[in-house]
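Student: I have the sequence and the model open. Could we go through the main features with a few questions?

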Amino acid sequence: MCSDLAWQLRNEGFNNVRALRCSGPTFIYSAWRRGEKVRVYISPISGRIRKIVPAY
């Protein structure tokens with residue numbers, strides 16, 4: 001499941017996708033998009049992106 005969601009992010013235009021947490025109600029990934037490093041929060045049940053926030 002964790003790698004499937006990472007693959008989904010890559011297909012949606014994210015680069016250098018790295019899983020930070022693959023447990024609990026929300027999976028968290030670190031990635032780059034449009035030259036900005038972001039954290040992506042995804043529902044493991046639906047696969048929908050819940051939130052994208054800048055990562056510092």
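**Strands, core and rings**

Student: Is Ser30 buried or exposed?
Tutor: Ser30 has a relative accessible area of 6%. Under 20% counts as buried, over 50% as exposed and the range in between as partly exposed, using a 1.4 Å probe and protein chains only. Because its value is 6%, Ser30 is classed as buried.

Student: What kind of model is this, and how are its residues numbered?
Tutor: The model is predicted: local features need pLDDT of at least 70, side-chain atom pairs count only at pLDDT 80 or more, and totals for chains, interfaces and linings use all residues. Side-chain values use heavy atoms, leaving out hydrogens and water, and the residues of each chain, as its sequence is written, are numbered from 1.

Student: Where does Ser30 lie, and which residues does it contact beyond its neighbours within four places in sequence?
Tutor: Ser30 is part of strand β2, residues 27-33; strands (E, at least two residues) and helices (H or I, at least four) are DSSP runs numbered from the N terminus. Contact means heavy atoms within 4.5 Å. With neighbours within four places in sequence set aside, the contacts of Ser30 are Asn16, Val17, Arg18, Leu20, Lys37 and Val38.

Student: In what order do the four strands of the open sheet run?
Tutor: Strands pair if DSSP finds at least two bridges between them. The pairing in this open sheet is antiparallel, and β1 (15-21) and β4 (49-54) are the edge strands, each pairing on one side only. The order is β1-β2-β3-β4.

Student: How many bridges join β2 to β3?
Tutor: β2 and β3 form a hairpin with two residues between them, and Arg34 in the turn has a positive phi of about 55°. One bridge pair is Ala31 with Val38 in β3. The two strands run antiparallel, and the number of bridges joining them is seven.

Student: Which residue in β2 stands opposite Arg21?
Tutor: β1 and β2 pair in the antiparallel sense over four bridges. They form a hairpin with five residues between them, where Gly24 in the turn has a positive phi of about 80°. Asn15 stands opposite Trp32 in β2. The residue opposite Arg21 is Ile28.

Student: At about what angle does helix α1 run to β2?
Tutor: Helix α1 covers residues 2-11 and lies across β1, β2, β3 (36-42) and β4. Axes are lines fitted to C-alpha atoms, for helices over the stretch in contact, with angles from 0 to 180 degrees between N-to-C directions. For α1 and β2 the angle is about 25°.

Student: Which elements give two or more residues to the largest nonpolar core?
Tutor: A nonpolar core is a set of buried Ala, Val, Leu, Ile, Met, Phe, Trp, Tyr and Cys residues joined through side-chain atoms within 4.5 Å. The largest one has eleven residues, among them Leu5, Phe14, Tyr29 and Ile42. The elements giving two or more residues to this core are α1, β2 and β3.

Student: Which residue lies over the face of Tyr41?
Tutor: A charge sits over a ring if NZ of Lys or CZ of Arg is within 6 Å of the ring centre and within 35 degrees of the ring normal. Arg33 lies over the face of Phe14, at 4.6 Å from the ring centre. Over Tyr41, at 4.9 Å from the ring centre, lies Lys51.
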